[in-house]
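Me: I'd like to learn how to read a model like this one, feature by feature. Could you walk me through it?

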Amino acid sequence: HHGHHMWPEIERVTMEQIHYARLSVEDSVGVWQLFAEEGEMKMYRREEEVNGMVIDPLKACHVVKGVTGHEVCEYFFNPQYRLEWEATVETTTVLEKIADDTLLFLQVHKRIWPASQRDALFWSHMRHVPDDKDQDGPDIWVVCNNSVDIPDLPANTGKCVRLYLTVCLMCQTFVDPPKDGAKVTRNDLTCKITYCSVVNPGGWAPPAVLRAVYKREYPKFLKRFTNYVIDQCQDKPILF
Ligand SMILES: O=S(=O)(CCO)c1ccc(-c2ccc(C3CCCC3)c([C@H]3C[C@H]3c3ccccn3)c2)cc1
């Protein structure tokens, strides 16, 4: 797939998003506000507007027991599971298989009152980031979603307003080695999840309204997704 014309952008955006996901909210540029906290899940946002449109960057940090980062990324990436956990997506279509780990999606999102209905055209790339030099480096899996413009699929021609997104789901897996060489079980697994997203709604909506929708929808979204993965994995062999 390295011959695909989108590949240089996919490579650049994925590596850039991994860099930003790894920055802790403490030492990141700009002020992150904690706007939601539920158990291990902490959600931060920065208030940013472009041409009067809210595009608040979001960073969510979550810790989930009993699954690996590979499993979390697989359920996020693979279109066959999408409609089982994505409550705000009406239809999802794979327009092109760029590679086994890279797909081009066209998604129609459900209308979220009072905003008009949105669609999104984006590539989605899943990658296992090799450990650092030493063996016990972090075991990281990521999925990066990034909007693209395709002349044959122009924005805003039908009923939907085209939104623009850059999303990165980064997962780090930790295994607590069980006593005396016993087999690793799901109880020994901890997955540290960092979810970063910037969504440009593509058309003006009242900032206060959009921020209320973000505040309500993002915690629901990440909780529903992670609970879905835990549920799907619990009686399956571990995928490291
Ligand atoms: O992680 S993904 O790549 C998963 C791919 O399926 C992803 C997640 C979320 C969105 C999305 C799309 C539309 C909206 C807004 C914009 C104006 C009106 C709706 C929002 C804001 C409202 C926030 C939100 C957060 C989570 C779920 C839905 N709604 C988010 C897109 C892609």
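**Reading the contacts, step by step**

Reply: Gladly, and let's begin with a polar contact: the side chain of Ser147 reaches the backbone nitrogen of Leu165 at 2.8 Å. Keep in mind throughout that this is a predicted model.

Me: Where is Ser147 found, and is Ser147 buried or exposed?

Reply: Ser147 is found in strand 9, which covers residues 139–147. With a relative accessible area of 13%, Ser147 is buried, because the cut-off for that word is under 20%.

Me: What is Ser147 in contact with, leaving aside its neighbours within four places in sequence?

Reply: Here a contact is a matter of heavy atoms within 4.5 Å. By that reading Ser147 is in contact with Leu121, Phe122, Leu163, Tyr164 and Leu165, once neighbours within four places in sequence are left aside. Leu165 is thus on the contact list and also supplies the backbone nitrogen reached by the serine side chain.

Me: Which other residue of strand 9 should I look at?

Reply: Try Asn145, also found in strand 9. Asn145 counts as buried, at 6% relative accessibility. Its side chain is joined to that of Ser124 by a polar contact of 2.6 Å. Not counting residues up to four places away in sequence, Asn145 touches Phe76, Phe122, Trp123, Ser124, Leu165, Thr166 and Val167.

Me: How many residues surround the ligand, and which are the closest?

Reply: There are 22 residues around the ligand, and Asn145 is again in the picture: the closest are Glu86, Gln107, Asn145, Leu163 and Tyr195.

Me: Which distances should I look at between polar side-chain atoms and the ligand?

Reply: Go through three residues in turn. For Glu86, an N or O atom of the side chain is 2.5 Å from an oxygen atom of the ligand. For Gln107, a polar side-chain atom lies 2.9 Å from a ligand oxygen atom. For Tyr195, the corresponding distance from a polar side-chain atom to an oxygen atom of the ligand is 2.7 Å. Cover is another way to read the site: the ligand taken alone exposes 650 Å², and the protein buries 99% of that.

Me: Let's turn to charged pairs. How many salt bridges are there?

Reply: The idea is a side-chain nitrogen of Lys or Arg within 4 Å of a carboxyl oxygen of Asp or Glu. By this rule the count is 15 salt bridges. One of them pairs Arg211 with Asp56, their closest N and O atoms being 2.6 Å apart. Arg211 lies in helix 4 (residues 207–233) and Asp56 in the loop between strand 4 (53–54) and strand 5 (58–65), so this pair ties together parts that are 155 residues apart in sequence.

Me: Are Arg211 and Asp56 buried or exposed?

Reply: Arg211 counts as buried at 14% relative accessibility, and Asp56 counts as buried at 3%. For a contrast, look at the salt bridge between Lys97 and Asp100, whose closest N and O atoms are 2.8 Å apart. Lys97 counts as exposed at 56% relative accessibility, and Asp100 is exposed too, with a relative accessible area of 67%.

Me: Which parts does the salt bridge between Asp119 and Arg162 tie together?

Reply: The side chains of Asp119 and Arg162 meet at 2.8 Å, N to O. Asp119 lies in strand 8 (residues 118–129) and Arg162 in strand 10 (residues 161–162), so the pair ties together parts 43 residues apart in sequence. Both Asp119 and Arg162 are buried. Salt bridges can also share partners, and in this way Arg45, Glu47, Glu49, Asp56 and Arg211 are joined into one network.

Me: How many residues of helix 2 are buried?

Reply: An α-helix has 3.6 residues a turn, so residues three or four places apart point the same way. Helix 2 (residues 69–77) is mostly covered, with eight of its nine residues buried. They are Gly69, His70, Glu71, Val72, Cys73, Tyr75, Phe76 and Phe77.

Me: How many disulfides does a search of the whole structure find?

Reply: A disulfide is a covalent bond between the sulfur atoms of two cysteines. The search of the whole structure finds zero. The sulfur of Cys73 has its closest cysteine sulfur in Cys171, 3.9 Å away, which is too far for a bond. Cys73 is buried, at a relative accessible area of 0%. Cys233 is in no disulfide either, the nearest cysteine sulfur being that of Cys191, 9.9 Å away. Cys233 also counts as buried, at 2% relative accessibility.

Technical notes: Residues are numbered from 1 along each chain as its sequence is written. This is a predicted model: local features need pLDDT of at least 70, side-chain atom pairs count only at pLDDT 80 or more; totals for chains, interfaces and linings use all residues. Side-chain values use heavy atoms; hydrogens and water are left out. Helices (H or I, at least four residues) and strands (E, at least two) are DSSP runs, numbered from the N terminus. Buried means under 20% relative accessible area, exposed over 50%, partly exposed in between (1.4 Å probe, protein chains only). A polar contact is a pair of N or O atoms within 3.5 Å; within protein, one must be able to donate a hydrogen and the other to accept it, and residues adjacent in sequence count only if both atoms are side-chain atoms. A residue is near a molecule or strand if one of its heavy atoms lies within 4 Å of it. Accessible areas come from the Shrake-Rupley method with a 1.4 Å probe; for residues, only the protein chains shown count as cover. A disulfide is a pair of cysteine sulfur atoms within 2.5 Å.
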